[in-house]
Each structure stands twice: as structure tokens, then as C-alpha cells.
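Colleague: I would like to learn how to read a model of this kind, feature by feature. Could we take the general idea first each time, and then the case at hand?

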Amino acid sequence: MTNLFCSLTLLFFTLSTALAQTPARTLTWQFPLPRPHTGVLLGNGTQGIMVWGGGRTLHFTISRTGFWDHRGGVDFNTKITYADLKAKLQTGDKAAIDAAFAVPRSEKPSLGHPQQLGGGRLDVTLPEGWLIQYGNLFTDRGLLQIVVRDPQQVSHVLNVRQAASLEVTELEIPKDLRGKLAYKLIPHYTFVAEALRAASIEEPQWVLKDNNGKGAFIQPLPEDDPLLVGYDLINEQHLYIQTSNLYYNRKTRRFDYPAMQALLDRAPSAVASADTFWQSYYKVVPRIALPDPLLQEIIDYGLYKQACATSPNGLACTLQGPFMEDYQLPPWSNDYHFNINVQMIYTPALATNRLANFRPLWKMIGGWMPQLQKNGEAFFGRKGALMLPHAVDDRCHVVGTFWTGTVDHACTAWMAMMAWQNYRYGLEQPDAPQLLNQTVWPLLNGAFEGYFAMLEEVSTGDGGKKFSLPVSVSPEYRGADMNAWGRDASFQLAALHRICRILPLAAAAMGKPVDPRWADVDKRLPAYTTFKGKFVDEWNMSNERIALWEGMDLIESHRHHSHLGGVYPFATLDLNDPVQRKLVDNSLQAWRYKGAGGWAGWSVPWASTILSRMGQTDAAIKWLHYWKENYTNEGRGTLSNANTNGTSLLGAPDWELEKQNREVMQLDAGFGALNAVLELLVQSRDEAIYVLPNRPRTWQNLSFDDVRADGSFLIGATVKEGAVTEVRVKSLAGGKLTLVHPFGRKISVNGQAMESDQLVRDCKPGEVLILKSM
């Protein structure tokens with residue numbers, strides 16, 4: 001009877017999941033689209049295409065992630081140790097610090113720092129009398145259809161698709177346009193010639209210049225491999241856009257054109273097989289149907305862009321990933337920022353059941369391990385310590401002279417935590433043991449050893465001693481000024497506490513001994529630093545709240561909410577403890593009073609997630625609406641700065657006065673928003689998995705399935721007419737499940753009645769649980 005019931009339960013779960021499936025939405029772009037980042041994105045983790053334009057001309061902005069001019073990059077600073085830095089900061093020796101972190105001057109001209117470069121632009125022009133109307137993106141197939149109108153007002157469709165693993169994008173031309181289109185390939189160099197010429201970067205070399213539907217150029221670099229960008233029209237029907245630096249012979253300094261042609265010969269089959277990639281992708285990502293159209297679009301476009309930017313077939317994703325402008329140098333070098341941005345880009349891959357998307361990231365960081373150890377041991381003077389600077393190129397060379405970011409050790413700790421989350425969410429994955437041994441364990445220990453070298457013991461005033469971080473920073477607060485540091489930065493305390501709590505769990509999973517220092521530090525290190533005083537002068541309002549560091553209140557609206565890192569991402573505060581919850585509430589009071597004037601695009605979904613963790617879901621949703629309205633452009637591009645002046649100090653630039661930096665598009669905010677919506681549905685916390693915590697009353701009907709949670713559980717739920725009708729759980733790896741459900745106390749689990757607001761159970765691999773209200 002039991003086996004029959006289990007079989008029926010599994011069948012019911014399968015049917016419920018099938019019923020909850022909703023087709024991927026079709027998203028529409030109305031032309032004209034005036035800039036690359038207003039266009040439709042196609043990407044495979046390596047090649048990036050932005051489709052935009054208007055009138056008769058369709059623009060394809062072409063770029064390839066990993067096309068770096070590495071000059072100006074330096075290894076992590078080994079000219080100063082942590083002890084030296086502490087002494088120089090405490091004595092105010094600015095000249096010594098400036099000298100220690102200065103980038104060595106080069107006698108040769110360069111851009112001054114590592115910089116990714118764009119590829120170029122292909123213009124496709126329709127005949128006289130034709131007009132581009134709109135584009136439909138079918139996210140479930142990665143298919144873009146551009147609808148154009150002929151002089152007789154008849155509509156025609158151009159199909160644009162991209163291969164999943166080859167650097168090839170196809171434009172399929174309808175019958176009535178074959179032989180009638182004009183093509184023009186424009187190198188990125190053309191738009192930024194002055195800057196590149198001054199940096200000793202030569203002009204591109206044309207292989208073939210727009211001849212009979214074919215064109216290609218090579219962009220050389222002084223010390224790095226060049227990039228080839230080209231297009232090839234086959235039978236007037238299929239146009240293939242290609243990028244490559246894989247077939248460059250460094251000895252002969254020539255491309256292997258036969259090999260490239262052989263690759264191009266594979267283009268039709270590679271593009272056709274992209275359907276398989278998209279089918280497999282949407283087979284595993286969550287299926288979510290929300291009553292809020294704006295949040296639904298965040299989910300739909302976010303899932304699509306996740307496949308484009310962090311594909312396991314591509315390279316590790318930078319700030320903009322493979323999507324780089326043609327008209328300007330990509331802002332911030334399009335590098336790797338590890339003080340929030342990379343983490344925000346990759347975190348949704350946990351809940352969206354796309355753990356494979358992490359592989360390029362861990363592969364890159366694995367290649368850096370010798371450098372990270374060299375950094376950490378030289379700076380901290382402690383064996384085994386690692387140090388990951390906050391802004392680096394793909395060789396882990398430091399970009400810039402930002403000393404506070406360079407020594408922000410939470411960058412290392414946050415990546416260690418993310419690697420552990422990747423392991424925990426994927427316990428059933430065949431490569432989980434390898435990930436734990438080769439990535440998680442070294443990062444966790446390296447982060448801890450670095451922090452341990454920073455600690456000092458100070459008196460508690462009652463005869464005891466506590467640990468303290470005498471010199472610590474809160475990301476980007478006060479920039480790189482001499483007062484941009486203090487004792488016991490709350491962000492660093494939260495990061496270290498999280499590492500101390502993960503390490504015993506990781507040791508147990510590996511059968512390794514427990515280091516007593518982990519528990520000792522976790523016990524004797526403050527959880528946060530507080531500040532007590534007024535935060536509103538007019539009404540003389542005062543409270544005690546979480547500080548940035550000792551004596552440092554949040555005196556301004558700032559883009560980093562790092563002092564609240566104990567709420568999220570590190571989740572080290574006990575929000576069920578009235579004392580700690582009151583401190584966070586007080587902190588949010590001051591935070592709200594100062595407003596969002598200094599926030600960046602990615603600050604807003606971070607704020608939304610913090611509010612979700614505090615149970616303030618209505619406010620969390622409102623902030624996501626605010627983000628969508630103020631930090632995206634007319635083509636859904638996610639911006640670092642606000643899209644209008646008057647919203648934020650980081651406002652929209654004046655298009656006439658700031659031609660050199662018209663728009664800063666970054667991927668982080670869009671993925672942060674995707675994760676913030678997922679947090680409204682399922683939250684993985686230390687104590688339990690929470691399903692629909694504090695669901696807003698306005699959410700009367702919704703459903704979701706296959707949201708992955710810590711411990712390798714897949715979670716689903718259905719809400720009908722304002723009531724949660726069902727919660728579905730599938731255990732992929734087996735093990736203990738603690739789940740806080742939304743039914744109250746009386747529930748049935750697979751038909752068996754029980755009374756508890758939590759479900760605690762030891763699950764078997766593959767076990768399915770159906771929870772309903774009694």
C-alpha cells in the first residue's frame with residue numbers, strides 16, 4: 001500500500017509540475033532603438049550581439065568577452081604588508097600609502113590599465129521604402145524575429161539566432177529581401193580611434209572589406225592576441241556573423257583561415273542545434289507564473305539573459321559580460337568586481353537550478369589559486385592565506401589603484417561562501433566532491449587565514465578578551481580616502497562569522513578535523529558594530545543602529561548596503577532574536593530617511609532582498625518596481641546609473657555634454673532583481689527553507705516549480721484565490737529537510753495529518769512530498 005501511495009504521489013507531483021509549467025514569454029521591442037543597450041541581446045557566454053536601430057537600418061553590435069588589452073595590469077601589491085598598512089593608516093602616512101599602491105609607470109603609451117575592447121558593428125540596410133517595425137524575442141528558443149514592412153505595407157520576418165557554443169550568429173533573410181540588402185562592417189576602432197591610437201593600438205587590418213556579402217577585419221593589440229570579426233552571406237539567404245581569436249598562431253602572427261573556414265562550415269548545424277541547448281535550459285529552470293506583470297518580466301528576461309551571459313559553454317561573466325558597446329570603451333574596463341557585482345550576477349544560478357553556469361567562474365578562479373596564495377601570504381604574512389582583490393582582469397591583475405578595494409578581504413570570503421552554496425545546492429551533482437575539494441575548501445581556509453592574521457585581542461572591560469579587526473573597510477565607502485577605514489567594519493565581521501560557521505560543516509563533509517580557532521573566533525568576535533544617536537534632526541529622532549565601523553554611522557545615502565551584510569548576503573544575524581531584529585529595524589529607519597539618492601542600479605534589488613529577509617515583502621516589491629522604472633532603459637537594458645536626472649545622484653548623463661560615456665550598462669542589477677523575486681518565493685536560511693514567507697495579500701494567484709534550495713531540494717507551490725493550496729518538495733540528494741511552510745500549523749504531508757509550522761524530515765534521494773492545508 002505504501003509503495004502504491006508513493007507512486008501515486010510521484011505521479012501527482014509530476015502532473016502538478018506539468019500543470020504549473022508556463023510557456024516562456026515572448027518579449028517585444030518596438031523600433032527604433034537608438035543605442036546598443038536598448039537593443040535585443042543574444043549571447044552564448046562568449047560572443048555577444050546587440051540588435052538595435054530603426055528606419056531602414058538594423059545594427060548588430062558585435063563583441064567577444066575575453067578580448068583584453070592586458071597592459072597596465074599589475075599583480076596584487078606586494079610592496080606593503082597588512083602590518084605596514086595598519087601602521088601607516090594609524091599614523092596618517094598618506095604619501096607612503098599612495099606610493100605603495102601606485103601602478104608602476106610604463107614608458108610605452110597604453111590605456112593605463114587592463115581594458116576589454118568591443119568588436120564592431122554590422123549595419124544591414126533595407127531597400128528604399130522598407131521600414132523596421134518591431135522585434136519579438138522568443139525566450140524559450142533564443143529566437144529573435146525582426147518584423148519589417150515593405151512599400152506595399154506587407155510584413156516580412158528576419159530570423160536571428162545564435163549558436164550555443166560556436167561564435168556564430170545567423171541572420172536568416174526572407175525571400176523578398178534576398179539580394180536586396182546592403183552591408184557595412186565598422187570596427188570598434190572607428191568610434192574610439194583617438195583613445196586607441198594614443199595607447200599605441202594599431203588600426204584594424206581588413207581581410208575583406210564589404211564585398212559581395214562578405215567582410216572581415218582583424219583588430220591587433222600590442223601584446224595580446226588579436227580578434228577577428230567578420231560576416232559571410234551564403235546563398236543570399238543566411239548571413240553568419242563570426243568572432244574568433246582561437247585560430248591565431250602567435251609564432252607566425254597569422255590566423256589559420258582554413259581552420260576558421262571549417263568552423264564556419266559548421267555554422268548551419270551549430271545554429272540549428274541551439275534549439276537543443278534552449279530546450280535543455282528551460283527544462284530545468286523554474287517555471288514561475290506571477291500576478292505582477294513587471295516582476296514576471298524580471299523573471300522571464302532574467303532567465304533568458306542568464307543563459308546568454310553565464311552559459312557553461314562560455315567564459316566567466318564580467319560586469320557587462322559579452323555585451324560591449326561599439327561607440328565607447330566599455331566602462332570600468334568590463335572587468336571582474338568581486339565586492340558585490342560578480343556575486344550578484346551568479347547568485348541566481350543557485351535558485352534557478354543552473355549550477356553548471358558556475359563552471360567557467362570556478363575554472364578561472366582555480367587558475368588564479370597560485371596568484372591568490374601569493375597575494376595572501378605576502379600581504380598577511382600567514383601561510384595558506386588567500387587574497388582576491390575587488391577589481392581584476394581575467395589574469396587576476398589589479399585594475400586601478402583603489403587601495404581600500406584591493407584590501408577588502410570580504411571579496412575572498414564572499415566567493416568562498418558562494419562556492420559552498422554551489423556545493424550545498426548541488427549535493428547530488430557528480431562533480432560536487434571535486435568542487436568541495438578543489439574550490440570550496442581552499443577558498444574557505446584562505447579567507448579564514450587572512451582574517452585570522454588581521455585579528456587582535458582586546459579587552460572587553462570585564463576581564464575578558466574579544467577579537468577585533470583593527471583596520472577594516474566597508475566597500476567603497478569614502479572611496480580611497482585616508483579615513484575610509486575603521487575598527488570592526490560590520491560587513492567584514494559578518495563575512496568572517498559566515499566563514500567560521502561554514503568551515504566546520506565543510507570539514508565534516510570532507511572527513512577533516514575541526515580547527516578550534518573557528519569556533520573561538522565565531523564566539524569572541526562581535527557580530528556587528530553599532531552607533532547610537534540622532535538620525536532625524538527635525539523630530540529629534542534617535543536610536544541605536546548598525547554602523548559601518550566603530551564610530552561611523554551611515555551619514556549619507558550610499559550604493560553599498562554593506563553594513564547590513566549580516567542580513568544579506570552573509571545572513572549571520574538572528575532575525576528571530578528581538579534584540580538583533582530591533583537593531584536592523586532601526587538601521588532601516590535611518591536608511592529610509594536618507595533615501596536612495598546615492599544608490600546605483602544594483603543597490604535597489606539588494607535593498608529589496610534585505611527587506612524580504614526582514615519580512616517586509618510589500619516594500620521589497622515596491623523597490624523592484626522602482627528599479628524597473630528608474631534603472632532600466634527603453635529596451636530593458638539594466639543600468640548602473642538612473643535613467644533620468646532627479647532620481648539619484650548617479651543620474652542619467654546629459655547626452656550632449658557627456659558623449660564619452662553615454663550609458664553604463666551592467667548585468668548585475670538585472671540578475672540581482674531576478675534573485676530578489678526568487679527570494680519572495682523561497683528563502684534558504686541556516687535554520688530552514690522558507691516557502692512564500694510573508695506573501696503579499698495582493699498575490700491572489702500564482703504558481704512556481706523547481707526553485708532549487710539549499711540541500712538539493714526542488715520547491716514548488718500554488719496559490720489560488722488568495723489561499724496557498726499546495727507546496728511541493730522533491731529531495732534530489734536525500735538528507736534532512738527543515739521547511740517553514742505557509743499553512744499555519746495543521747497540514748497534511750502526502751495525505752498524513754500533522755500539526756506543526758515546520759516540516760522536519762530525513763528524506764530519501766528522489767523522495768517527493770506534497771503539503772496541503774488541513
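Modeller: Let us begin with contact, which means heavy atoms within 4.5 Å. This is a predicted model, in which local features need pLDDT of at least 70 and side-chain atom pairs count only at pLDDT 80 or more, while totals for chains, interfaces and linings use all residues. Residues are numbered from 1 along each chain as its sequence is written, and side-chain values use heavy atoms, with hydrogens and water left out.

Colleague: With that definition, which residues is Ile-201 in contact with, leaving aside its neighbours within four places in sequence?

Modeller: Its partners are Asp-69, Arg-71, Leu-111, Leu-117, Tyr-189, Leu-196, Gln-219, Pro-220, Leu-221 and Pro-222. For Pro-222, which is 21 residues from Ile-201 along the chain, the C-alpha atoms of the two are separated by 6.2 Å.

Colleague: Is Ile-201 buried or exposed, and where does Ile-201 lie?

Modeller: The general idea is that buried means under 20% relative accessible area, exposed over 50%, and partly exposed in between, with a 1.4 Å probe and protein chains only. Ile-201 has a relative accessible area of 2%, so it is buried. As for its place, helices (H or I, at least four residues) and strands (E, at least two) are DSSP runs, numbered from the N terminus, and Ile-201 lies in the loop between helix H5 (193–198) and S13.

Colleague: How should I read a sheet, and what is the order of the nine strands in the open one?

Modeller: Strands of a sheet pair through backbone hydrogen bonds, either parallel or antiparallel. Here two strands count as paired if DSSP finds at least two bridges between them. The nine strands follow the order S1-S8-S9-S10-S11-S16-S15-S14-S13, with antiparallel pairing. At the edges stand strand S1 (26–30) and strand S13 (205–208), each of which pairs on one side only. Direction ignored, neighbouring strands of this sheet are turned by 20 degrees against each other on average; axes are lines fitted to C-alpha atoms, for helices over the stretch in contact, and angles run from 0 to 180 degrees between N-to-C directions.

Colleague: How many bridges join S8 to S9, and which residues stand opposite each other along this part of the sheet?

Modeller: Seven bridges join S8 to S9, and the two run antiparallel, with Asn-136 opposite Gln-145 in S9. On the other side, S1 and strand S8 (residues 131–138) pair in the antiparallel sense over five bridges, and Trp-29 stands opposite Gly-135 in S8. S9 and strand S10 (residues 155–162) are also antiparallel, with six bridges, and in S10 the partner of Arg-149 is Ser-155.

Colleague: What links these strands along the chain?

Modeller: S8 and S9 form a hairpin with four residues between them, and in its turn Gly-142 has a positive phi of about 65 degrees. The hairpin of S9 and S10 has five residues between the strands, and there Gln-153 has a positive phi of about 70 degrees. Strand S9 (residues 143–149) is largely enclosed by the rest of the structure, because five of its seven residues are buried.

Colleague: Which strands does helix H6 lie across?

Modeller: Helix H6 (residues 257–265) lies across strand S11 (168–172), S13, strand S14 (214–219), strand S15 (227–234) and strand S16 (238–244), and runs at about 135 degrees to S16.

Colleague: How is a pocket defined, and what is the volume of the largest pocket?

Modeller: On a 1 Å grid over the protein atoms alone, a pocket is an open set of points with protein on both sides within 12 Å along at least five of seven lines, whereas a cavity is a set where a 1.4 Å probe fits but cannot get out; lining residues have an atom within 4 Å of a point. Grid points are joined across faces, edges and corners, and a volume is the space filled by probe spheres set on the points. The largest pocket has a volume of about 990 Å³. Its lining has 48 residues, with Tyr-425, Ser-684, Arg-685, Asp-686 and Asp-710 nearest the centre, and H14 gives the most to this lining, with six residues.

Colleague: And what of the second largest pocket?

Modeller: The second largest pocket holds about 560 Å³ of space. Of its 24 lining residues, Asp-224, Asp-225, Pro-226, Tyr-248 and Arg-250 are the closest to its centre. S13, an edge strand of the nine-stranded sheet, gives the most to this lining, with three residues.
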